[in-house]
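Trainee: I've got a new chain on my screen. Can you walk me through it?
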Amino acid sequence: MRHLSRHAGCIHVSQGSYPGKYFGRIDPTGKFFPGRDFAHLDMAFFSAFAADPIGFAQANGKESGSCRFCNLTLTTVESVSVGYGPICAGHWGLPWGHKH
């Protein structure tokens with residue numbers, strides 16, 4: 001039996017996998033819903049991400065060398081150029097393999 005998410009289409013923002021820190025979720029309209037580990041100081045970060053997830057991921061992925069969605073190391077020129085890998089691009093319907 002397949003479980004469907006209560007929050008289908010949302011981006012969940014966490015540090016590590018469960019039971020790691022959970023900061024909240026961003027719904028498909030861009031609205032942010034704080035989670036259990038959200039600190040008000042994080043709001044600028046999440047607001048920037050919610051406003052432009054692709055642009056934010058691209059800039060921060062290049063800077064960090066890690067995918068902004070799953071936090072794995074970016075290992076190809078294409079992945080570094082967009083800030084996330086092909087698997088996350090497929091999961092989220094994002095462009096990949098060329099600059100955004």
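Mentor: Sure. Keep in mind that this is a predicted model. The chain has four helices and three strands.

Trainee: In what pattern do they come along the sequence?
Mentor: Reading along the sequence, you get β-β-β-α-α-α-α.

Trainee: OK, the strands. In what order do they sit in the sheet?
Mentor: The order is β1-β2-β3, in an open sheet with antiparallel pairing. β1 and β3 are at the edges with a single partner strand each, so one side of each has no neighbour in the sheet. From one strand to the next, the twist averages 25°.

Trainee: Does anything lie against it? I mean, which strands does α1 touch?
Mentor: α1 packs on the sheet and touches β1, β2 and β3. The direction of α1 makes about 40° with that of β2.

Trainee: Back to the pairing. How many bridges hold β1 and β2?
Mentor: Five bridges, in the antiparallel sense. Look at serine 14: tyrosine 22 in β2 stands opposite.

Trainee: And how many join β2 to β3?
Mentor: Three bridges, again with the strands running antiparallel. Isoleucine 26 has phenylalanine 32 in β3 as its bridge partner.

Trainee: What links those two strands?
Mentor: β2 and β3 form a hairpin, with five residues between them. Glycine 30 is in the turn and has a positive phi of about 95°.

Trainee: You mentioned phenylalanine 32. Buried or exposed?
Mentor: Phenylalanine 32 is at 11% relative accessibility. Buried means under 20%, so phenylalanine 32 counts as buried.

Trainee: How many aromatic pairs are there?
Mentor: The structure holds one. Phenylalanine 32 pairs with phenylalanine 38, with ring centres 5.3 Å apart. Their planes are at 50°, so we call the pair tilted.

Trainee: What sits over the ring of phenylalanine 33?
Mentor: That's the charged end of arginine 25, 4.1 Å from the ring centre.

Trainee: New topic: the core. How many residues does the largest nonpolar one have?
Mentor: It has 20 residues. Those with the most contacts inside this core include Ile26, Phe46, Phe49 and Phe69. The elements giving two or more residues to the core are β1, β2, α1, α2 and α4.

Trainee: Why would such residues gather?
Mentor: In soluble globular proteins, nonpolar side chains tend to be buried together.

Trainee: Take phenylalanine 49. What does it touch?
Mentor: Not counting residues up to four places away in sequence, phenylalanine 49 touches Ile11, Ile26, Phe56 and Phe69.

Trainee: How much of the whole chain is buried?
Mentor: 33% of the 100 residues count as buried.

Trainee: One last residue: serine 66. Where is it found?
Mentor: In the loop between α2 and α3. α2 covers 53–64 and α3 covers 77–82.

Trainee: A loop residue, then. Is serine 66 buried or exposed?
Mentor: Buried. The relative accessible area of serine 66 is 14%, and the cut-off for buried is under 20%.

Trainee: What is serine 66 in contact with?
Mentor: Leave aside its neighbours within four places in sequence. Then serine 66 is in contact with Gly61, Asn71, Leu72, Thr73, Leu74 and Gly83.

Technical notes. Residues are numbered from 1 along each chain as its sequence is written. This is a predicted model: local features need pLDDT of at least 70, side-chain atom pairs count only at pLDDT 80 or more; totals for chains, interfaces and linings use all residues. Side-chain values use heavy atoms; hydrogens and water are left out. Buried means under 20% relative accessible area, exposed over 50%, partly exposed in between (1.4 Å probe, protein chains only). Contact means heavy atoms within 4.5 Å. A nonpolar core is a set of buried Ala, Val, Leu, Ile, Met, Phe, Trp, Tyr and Cys residues joined through side-chain atoms within 4.5 Å. Two strands pair if DSSP finds at least two bridges between them. Axes are lines fitted to C-alpha atoms, for helices over the stretch in contact, and angles run from 0 to 180 degrees between N-to-C directions. Rings of Phe, Tyr and Trp (its six-membered ring) pair if their centres lie within 6.5 Å; planes under 30 degrees apart count as stacked, over 60 as edge-to-face and the rest as tilted. A charge sits over a ring if NZ of Lys or CZ of Arg is within 6 Å of the ring centre and within 35 degrees of the ring normal.
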